[in-house]
Amino acid sequence: MKITRQQTETGQSGESRAPSLVFPANSGEPARRSRRPRLAVNLPLLLLSLMAVVSLFPLYWLFVSALTPSQYSLKMPPDLFPVHASFENFQRLFQYTPVFKWMSNSLLIALSVTAFHVLFDTMAGYGFAKKRFAGSKALFWIILATLMVPFQVKLVPVFKMVTTLGLADSFWGVVLPSFADVFGIFLMKQYLQTIPSELIEAAYVDGASELRIFWQLIIPLAAPAIAALSIFSFVGSWNSFLWPLIVLRSGDKYTLPVGIATIQGEFSQDWGVIMAGGAIAVIPMTIFFLLFQRYFLEGVRTGALKG
Amino acid sequence: MARPAWAVGVARFWNKNKWGYFFVLPALVFFIVFFFVPIVWAFLLSFQDATPFGGRWVGLANYRSLLKDEVFRVAVRNTTLYTSIVVAQNIFVSLAVASLIQSLSARLRTFFRAAFYLPAVTSAVMIALVWRWIFNSEWGFLNFLLGIVHLAPVRWLSDPDVALWSIILSSLLTVPATGVVMYSAALGSIPVSYYEAASLDGAGTLAKWWYITVPLIKPTTLYLLVVYTIWAFQVFEKVYVMTGGGPGWATTTIVQLIYNTGFRDWKFGMAAAQGMILFAVIALVAVIQFRYLNTDVEY
C-alpha cells in the first residue's frame, strides 16, 4: 500500500507536479490583440526590429570583422558584409597566440565552477527549502545579504588568501573563490519548495536514508532547476574577467577573455585577429544560448546573469 | 509506544536539525570563508597602509587622502555620471521593450526576447573589444556613418571630452536584457480583467498602460532599479578594454581605480578603502531607492 502510493506520486511528479520553469506569461493575450487595428500591431514590430538590429549590431560586426582579412578591414568605406570572407585572421590567431590553451583553461574552469555550484547550491537549497533547523531563516537571510556587497570590496583580502594558500596564478586560485553562489542557492530553494513534502515523507516511510533521498529523489526532481543553474553558472564563469585577470599571471594559464584582452596591445593595428579571438569566445555561448534559451530566461528571472 | 511523546519529539527535532545543517554546511563554510572573513578583513585593511609585504595601522589616513585625491574624485564623478544615465535608460528601455513585446504573438515574443537577450550571454570583454573597433577613429564603423552624412570624424575614445560619453553610448545602444525578461514576466502576470474593466470605462491604450501597468509592476521596477544601479556602479570590463581609464583619467571609474591601486600600484590598504567607499555608496543608494519606491502591490 505504502509502496504503491509512493510510486504513483514519484511517477507523476517529474512532469505534472513540478511547476513550469518558464514563466507563465502567455496567458490571455491573443483575445485582446485581435481587436486592435492593423497599424498598432505593426508599429511595435517595427520599433522592436530596429532596436534588435542596433542591439545585435556589435555581434554582427564582430563576425564580419573576424572574417575580413586585414587588407580589407583597414579601409573606408568598410565592408558591411563579409564579401572577402576568409579564415586568415583565425589562422594567425592560432599561430601567434596559445588560444587553444586559453580555451581549454576557460572550459575546465567553467565546468568545475558549474559542478561545484550544482552540488553545493542544490544541497543548500534543499536544506533551506525542506529541512527545518534552528536558525535556518537567519542563515538564509545572511547568505542573501551578501548580494549587497560588491565583489570588488573583497578583491584584496581574497587575493591575499589565495596567495597565502599558494594558489596565485593557478586553476584553483580562480575556481576556489566561486565554489557556491547566492543566486544558485536562492533558485534551488525556490524551486525545491514547490516539490510536495509528502514525496519526501513517503521515501522516509520506505526507509530511504537522507543521502539516498537527496541523490535519488531530490536531484532528479530538481533537474529543470539544475539545468538552469548549470547553464548560468557555466556562462557566468566562461565570461568572468576581473578575478581571473588578477589571479592569473602567466600567459599559458589565462582564460579566453583575459588572453584576448591582453593581446589587444600586441595586435593593436590588427583588429581582425582580435575579432577572431572574440568570435571564438562568443560562438560557443551563442550556440549554447540558442539551444537552451528557456533555461537562460529562467536564470534571468532569479537575477543570476548580468545584462 | 515504549517511549514517551516528548522523547520522540526531541529525537525527531534533533534529526531534522542535524540533516539541515549537513546540507547547508558546505555553502555556509564557503560564505564564511570567502565572504564574511574578506569583508571584515577589507574593512581592517582600509585602516592600514598595507602592501603585499605587510603594513601598519594608519587610522583614517587612507580615507582622508582619498577625499583630497583629485583622481578619486574624478572616478566617483565618472561612475556617478555613467550610472545615472545608464540606469535611467535601462529602466525606461526595458519597460518600453517589454510593453511592446507584450502586444505581439507568442512566437514573435519568444523571438524578440531571445534577440534582446543574446548580447547578455556573450562576454562583456569581447563586446567591449568590438565597441573599441567600432569607435576606432580611422577605420571605425561610427566614423564611417558620420562620413556618409558629411560630418567630421570624431576621436571617440582618445578625445578626453568625448571618451566617457562614448562608453556611455555603447551601453545605451544595447537593450537591457534582464529588464526586458523581468518586465515581460511581470506584465504577463497582470490579470487581463483589469484591462477589460478599464476598456469598458473608455480608457485608451496609453491611459491603461499608465494607470494600470506602471503602478502594478512597481516591485519589478524597484528590483531592476537597485540591481542595475549596483551593476552600473561596478562598471569595469568596458572601461578596462576600451580606454584603460584614459585618456588621462577621463574615463576612470571606481572599480578601474580599485584595480589600478590594488593590483598595479600594489597599495592594498588604499584599494580596500576605495572598495569600502564603493560599498557604502551602493548601500546608500539601494537604501534610498527602497525607501522611496517600496510599496506593497497585491493583485
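Residues here are called buried under 20% relative accessible area, exposed over 50% and partly exposed in between, with a 1.4 Å probe and protein chains only. Keep that scale at hand for the tour.

You are looking at a predicted model, in which local features need pLDDT of at least 70 and side-chain atom pairs count only at pLDDT 80 or more, while totals for chains, interfaces and linings use all residues. Residues are numbered from 1 along each chain as its sequence is written, chains are lettered from A and ligands numbered from 1 in the order in which they are written, and side-chain values use heavy atoms, with hydrogens and water left out.

**Stop 1: chain B as a whole**

Select chain B and show it as a cartoon. You should find 14 helices and zero strands; helices are DSSP runs of H or I with at least four residues, strands are runs of E with at least two, and both are numbered from the N terminus. The radius of gyration of chain B is 25 Å, well over the 19 Å that the globule rule gives for 299 residues, so the chain is more spread out than a compact globule. That radius is taken over C-alpha atoms, and the rule is 2.2 Å times the number of residues to the power 0.38. Along the principal axes, the C-alpha atoms of chain B fill a box of roughly 90 × 70 × 30 Å.

Now switch on the surface. Chain B exposes about 13,800 Å², and carbon and sulfur atoms supply 68% of it; such areas come from the Shrake-Rupley method with a 1.4 Å probe, and for residues only the protein chains shown count as cover. Of the 299 residues in chain B, 55% are buried.

**Stop 2: an open loop**

Go to B:Gly202, in the loop between helix 9 (192-200) and helix 10 (205-216) of chain B. Is B:Gly202 buried or exposed? With a relative accessible area of 61%, B:Gly202 is exposed. Draw a distance from its C-alpha atom to that of B:Tyr223: the two residues are 21 residues apart along the chain, and these atoms are separated by 32 Å.

**Stop 3: a covered helix start**

Next, select B:Ile254, which belongs to helix 13 (residues 254-263) of chain B. B:Ile254 counts as buried, at 3% relative accessibility. B:Phe233 is also 21 residues from B:Ile254 in sequence, and their C-alpha atoms are 7.7 Å apart. Which residues does B:Ile254 touch, not counting residues up to four places away in sequence? They are B:Ala75, B:Val76, B:Thr79, B:Gln274 and B:Leu278, where contact means heavy atoms within 4.5 Å.

**Stop 4: backbone details**

Step back to the loop between helix 12 (237-242) and helix 13 of chain B, where B:Pro247 sits. The peptide bond from B:Gly246 to B:Pro247 is cis, with omega near -5 degrees.

Then move on to B:Trp266, in the loop between helix 13 and helix 14 (268-293) of chain B. B:Trp266 has a positive phi of about 55 degrees although it is not a glycine, and at 29% relative accessibility this residue counts as partly exposed.

Chain A offers another example: A:Asp169, in the loop between helix 8 and helix 9 (171-175) of chain A, is the one to pick. Phi of A:Asp169 is near 60 degrees, a positive value in a residue other than glycine. A:Asp169 counts as buried, at 17% relative accessibility.

**Stop 5: where chain A meets chain B**

Show both chains and select A:Thr146, in the loop between helix 7 (136-145) and helix 8 (155-164) of chain A. At 3% relative accessibility, A:Thr146 is buried. Leaving out residues up to four places away in sequence, A:Thr146 touches A:Val182 as well as B:Phe31, B:Phe35 and B:Phe36.

Now try A:Asn239, in helix 13 (residues 223-239) of chain A. A:Asn239 is buried, with a relative accessible area of 11%. Apart from neighbours within four places in sequence, its contacts are A:Pro257, A:Met285, B:Val121, B:Thr122 and B:Ser123. Its side chain reaches the backbone nitrogen of B:Ser123 at 3.4 Å.

**Stop 6: helix 5 of chain B**

Stay with B:Ser123 and look at the start of helix 5 of chain B, where a side-chain oxygen of B:Ser123 reaches to within 3.2 Å of the backbone nitrogen of B:Val125. Finish by selecting helix 5 itself (residues 124-134), which is mostly covered, with nine of its 11 residues buried. Among them are B:Trp131 and B:Trp133.

Notes: Polar contact = N/O pair within 3.5 Å; in protein donor to acceptor, adjacent residues only side chain to side chain.
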